[in-house]
Amino acid sequence: MSGEKHDSSVPQGPARRPQPPPAPAYRATRGNPLDTDRGRYDRIASAPGRHLAEQLTVPVRAGRAWEVRAGQVCRIVAVAGAQVGDFNCWNRHNPRERLWAARTRQLQAAHVTTYDRLWSTLPYLRPMLTFTADTVAYGRDDNGGRCHDLLGTRCDPYVNRLLTGEDFDSHCHSNLVRAVLPYGLTEPDVHDVLNVFQVTGLTGDRYFMSASPARPGDFLEFFAEIDLLCALSACPGGDLSVELWGPAAQDPLPTCKPLRVEVYDIDPALLRGWQPPRSPGYRGMHGLRSAAEGGGGT
Ligand SMILES: [Zn+2]
């Protein structure tokens, strides 16, 4: 035996071969739908003359929902400094179209920043919004952590009960449920989130979270590609500087802060030549039509 230390929980069988570094599976090529018009979003982010249409505060350990019309810009602001926010979005007119975190991880990245987009569920599959500014600009830290996380999901009372044996009603899942009720949505409409201002990564293929780096006034801003219903929870974990479920778990309430949401109308001239993205034109029936026709099909 070599005497090397192996993690016995990680099988290393004969199927493993040395490999060159892989390229991303989904890449933008000139003119394809992943090729974002960065100049347009730069102009939207920097042009003067925007007008504050709505502003709201998401209080500590609470959730709020709001609408953003296609062509408007919305900012999520860490108004008091480091605080994680759990974000959901839906097509305002059809809640079955909503953020698809897994496909967004593939088409964009596991952490999002300026020029990335959030993509919607099937059969819609189109950009719901495009990020236009990210003042955190965290990049990659020494542990491989990055900010604005799509790897994980929201905290919820079920996993809390599972891990602690206690009930708690202000987890992000519950905050989002309460926030969307006035819009006619219910618990099953709440979905995997974008964790704004949250630093995460993988350590030994296990999910980790680090303290939020957001400074007072930092913001993540997006352009709405379609009419949106958005919801945001000010995570009860606060800035995630306190361990929530591990052996050193403490109450993170002292780290909790509110978040602010700002919605802006922008100069209509910036929208010239832009239109809400369309879904892919798949017109097949997943093979059902040819099956009904006896397997023929043309
Ligand atoms: Zn949370």
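This is a guided tour of a predicted model, stop by stop, with something to select at each one.

**Before you start**

Residue numbers begin at 1 in each chain and follow the sequence as written. Because the model is predicted, local features need pLDDT of at least 70 and side-chain atom pairs count only at pLDDT 80 or more, while totals for chains, interfaces and linings use all residues.

**Stop 1: the whole chain**

Show the full chain and colour by pLDDT (the predictor's confidence in each residue, from 0 to 100). The average is 93, and 94% of the residues score at least 70. Now select residues 1–5: here pLDDT stays under 50, and the model has zero contacts beyond four places in sequence. A contact means that two C-beta atoms, placed from the backbone, lie within 7 Å. Where pLDDT is low, the predicted coordinates should not be read in detail.

Zoom back out. Along the principal axes, the C-alpha atoms fill a box of roughly 65 × 60 × 40 Å. The radius of gyration is 21 Å, which agrees with the value near 19 Å for a compact globule of 298 residues; it is taken over C-alpha atoms, and the globule rule is 2.2 Å times the number of residues to the power 0.38. Of the contacts between residues at least 6 apart in sequence, 74% join residues at least 24 apart.

Switch to cartoon and you will find five helices and 13 strands. These are DSSP runs numbered from the N terminus: H or I over at least four residues for helices, E over at least two for strands.

**Stop 2: the six-stranded sheet**

Select β1, β13, β3, β11, β7 and β6, which form an open antiparallel sheet in that order. Strands count as paired if DSSP finds at least two bridges between them. At the edges are β1 (51–58) and β6 (117–119), each pairing on one side only. Neighbouring strands are turned by 20 degrees against each other on average, direction ignored.

Move to the β1 edge. Seven bridges link β1 to β13 (residues 259–265) in the antiparallel sense, and L52 stands opposite Y264 in β13.

Next, add helix α1 (residues 38–46). The helix lies across β3 (73–78), β7 (127–134) and β11 (218–224), at about 60 degrees to β7. Axes here are lines fitted to C-alpha atoms, for helices over the stretch in contact, and angles run from 0 to 180 degrees between N-to-C directions.

**Stop 3: a hairpin**

Select residues 85–91 and 94–98, which are β4 and β5, antiparallel strands joined by two bridges. A two-residue hairpin connects them, and N91 has N94 in β5 as its bridge partner.

**Stop 4: the nonpolar core**

Which residues touch the most other members of the largest nonpolar core? Select C89, L228 and C230, which do so in a core of 61 residues. Strand β12 (residues 228–234) gives the most to this core, with six residues. Such a core is a set of buried Ala, Val, Leu, Ile, Met, Phe, Trp, Tyr and Cys residues joined through C-beta atoms within 7 Å. Buried means 20 or more other C-beta atoms within 10 Å of a residue's own, exposed means 12 or fewer, and partly exposed lies in between, with C-beta atoms placed from the backbone.

Centre on L228: leaving out residues up to four places away in sequence, L228 touches E67, V68, C89, W90, R92, M128 and L129.

**Stop 5: helix α4**

Select residues 172–180. Eight of the nine residues of α4 are buried, among them C172, H173 and V180. Those buried residues pack against β2 (63–68), β4, α3 (157–164) and β12.

**Stop 6: R105**

Go to R105 in helix α2. R105 is partly exposed, with 17 other C-beta atoms within 10 Å. Beyond four places in sequence, R105 is in contact with A110 and L150. Measure to L151 as well: 46 residues separate R105 and L151 in sequence, with 7.6 Å between their C-alpha atoms.

**Stop 7: backbone geometry**

Most residues other than glycine have a negative phi, and most peptide bonds are trans. Select Y115, in the loop between α2 (101–107) and β6, where phi is near 85 degrees. Y115 counts as partly exposed because it has 16 C-beta neighbours inside 10 Å.

Then try H148 in strand β8 (residues 146–149), with a positive phi of about 65 degrees. H148 is buried, with 25 other C-beta atoms within 10 Å.

Finish at P123, in the loop between β6 and β7. The peptide bond joining L122 and P123 is cis, with omega about 5 degrees.
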